[in-house]
Amino acid sequence: MTKLRISIVQYLNTAPLVWGFTNGPLRGKYDLSFTVPSQCAEQLRTGQADIAIIPAIEFARIPDLEILPDLSIASKKMVRSLLLVSKAPIGQFKSVALDASSRSTQALTRILCAEYWKIAPEFFEMPPDLATMLKKADGRVAHRRSRSSPFADDGAVQHSNRGSRLAEDAHKPPIEGWMWNAEKAGVASPSQRLFVFDMVEQWRSMTGLPAVLAVWAARKGVATPEVVADFLTSRDFGMLRIAEISSDAARELELPADKLESYLRDNIDFSLDEENRRGLELYFAHAAKQGLIPAAKPIEWAAKAETVKL
């Protein structure tokens, strides 16, 4: 029997969701492929994948999909890895470079600019290299994948899936946002400071709800209750092994395991509970208002598993 094809984002914050597939009891049961978020969505759109972890915004753009229940990559209050970085406070920059590989991040940035910060900067997409992006823009949104610092000369939004050093190096200034020591980041003179804004914290301030960044989505009819049960089992298997996941990632990323573990435990929520669902629905409503999706269609759910194998 042909294995279902699963497209997976190769990021740290995805690891607990797929640990049962890669390192646990479900290993070998599905055909796994790893790529960046935008390509996961394209593989699902073009039929190259049956199920994929996709940017939340793409569910509203790709027809005939269902979301697997009780599974997501979300953040309740502060994510630490999705950052707007700028030399100036919000409202004083005129251009923002967006990570071309992260479509939910792009949409969230546009929504916050229009509806919360009340600014209308110029947006353009670039590969997720902070130094290059910030040479061409006042702000940047991106996903960091290298060990190098996520900061550069002007401003940016960056999504790091490798952990964050904000807790160690940033401090709260009198104005909104953190300030970052640009010399430590290797991007500016000792006298320069960069403004750093946690995007989920900004979303929570605007809406009072969590941000759902990615969801498991399947082509209609693919995610049977048995398949959904496997995905829940994989997530639960991973959640019991956060320390192991963090230790493995620390060796690869050359970052402290305790910082990565704290990030996964304290900043990422892997459920799709009632509060997260309300946040997701509001996100779609704002995206439709800004013309980022055709319309805020009702969420269609895959059949929920009756039991979860442990």
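**Exercise 1. Determine which residue forms a salt bridge with Lys220, and where the two partners lie.**

*Solution.* Step 1. Lys220 pairs with Glu300 in a salt bridge, their closest N and O atoms being 3.0 Å apart. A salt bridge here is a side-chain nitrogen of Lys or Arg within 4 Å of a carboxyl oxygen of Asp or Glu.

Step 2. Lys220 belongs to the loop between S13 and H9 and Glu300 to the segment after H12, so the pair ties together parts that are 80 residues apart in sequence. Helices (H or I, at least four residues) and strands (E, at least two) are DSSP runs, numbered from the N terminus.

Step 3. Lys220 is partly exposed, with a relative accessible area of 40%. Glu300 is also partly exposed, at 33% relative accessibility. Buried means under 20% relative accessible area, exposed over 50%, and partly exposed in between (1.4 Å probe, protein chains only).

*Basis of the values.* The model is predicted: local features need pLDDT of at least 70, side-chain atom pairs count only at pLDDT 80 or more, and totals for chains, interfaces and linings use all residues. Residues are numbered from 1 along each chain as its sequence is written, and side-chain values use heavy atoms, with hydrogens and water left out.

**Exercise 2. Describe the protein as a whole by its secondary structure, burial and contacts.**

*Solution.* Step 1. The secondary structure comes to twelve helices and 13 strands.

Step 2. The protein has 310 residues, of which 56% count as buried.

Step 3. Among contacts (heavy atoms within 4.5 Å) with a separation of 6 or more, 73% are between residues 24 or more positions apart.

**Exercise 3. State how many salt bridges the whole structure holds, and examine the one between Asp50 and Arg219.**

*Solution.* Step 1. A search of the whole structure gives 18 salt bridges.

Step 2. In one of these, the side chains of Asp50 and Arg219 meet at 2.2 Å, N to O. Asp50 sits in the loop between helix H2 (37-45) and S3, and Arg219 in strand S13, so the pair ties together parts that are 169 residues apart in sequence.

Step 3. Asp50 is buried, with a relative accessible area of 5%, whereas Arg219 is partly exposed at 29%.

Step 4. A network of salt bridges links Glu42, Arg45, Glu58, Arg61 and Arg103.

**Exercise 4. Establish how H9 is built and which elements its buried residues pack against.**

*Solution.* Step 1. Helix H9 covers residues 225-239, 15 residues in number. The expected span of a helix is 1.5 Å times one less than its number of residues. For H9 this gives 21 Å, and the end C-alpha atoms are 21 Å apart, which agrees.

Step 2. H9 is mostly covered, since eleven of its 15 residues are buried. Among them are Val227, Val228, Phe231, Leu232, Arg235 and Phe237.

Step 3. The buried residues of H9 pack against four strands and two helices: S1 (5-9), S3 (51-55), S4 (65-75), S13 (211-219), H1 (15-22) and H10 (242-253).

**Exercise 5. Find the angle at which H1 and H10 cross, and the residues that make their contact.**

*Solution.* Step 1. The two axes come within 11 Å and cross at roughly 95 degrees. Axes are lines fitted to C-alpha atoms, for helices over the stretch in contact, and angles run from 0 to 180 degrees between N-to-C directions.

Step 2. H1 and H10 are therefore roughly perpendicular to each other. Angles under 35 degrees count as roughly parallel, over 145 as roughly antiparallel, 65 to 115 as roughly perpendicular and the rest as oblique.

Step 3. Ala15, Pro16 and Trp19 of H1 and Ile242, Glu244, Ile245 and Asp248 of H10 make the contact.

Step 4. By class, the contact of H1 with H10 has five nonpolar, no polar and two charged residues. Ala, Val, Leu, Ile, Met, Phe, Trp, Tyr, Cys and Pro count as nonpolar, Asp, Glu, Lys and Arg as charged, and the others, Gly among them, as polar.

**Exercise 6. Analyse the contact of H8 with H12, including the salt bridge between Glu275 and Arg204.**

*Solution.* Step 1. The axes of H8 and H12 come within 12 Å and cross at roughly 85 degrees. That makes H8 roughly perpendicular to H12.

Step 2. Trp203, Arg204, Met206 and Thr207 in H8 meet Glu275, Gly279, Leu282, Tyr283 and His286 in H12. These residues divide into four nonpolar, three polar and two charged.

Step 3. Glu275 and Arg204 form a salt bridge, with the closest N and O atoms 3.1 Å apart. Glu275 lies in helix H12 (residues 274-289) and Arg204 in helix H8 (residues 199-207), so the pair ties together parts that are 71 residues apart in sequence.

Step 4. Glu275 is partly exposed at 22% relative accessibility, and Arg204 is partly exposed with a relative accessible area of 22%.
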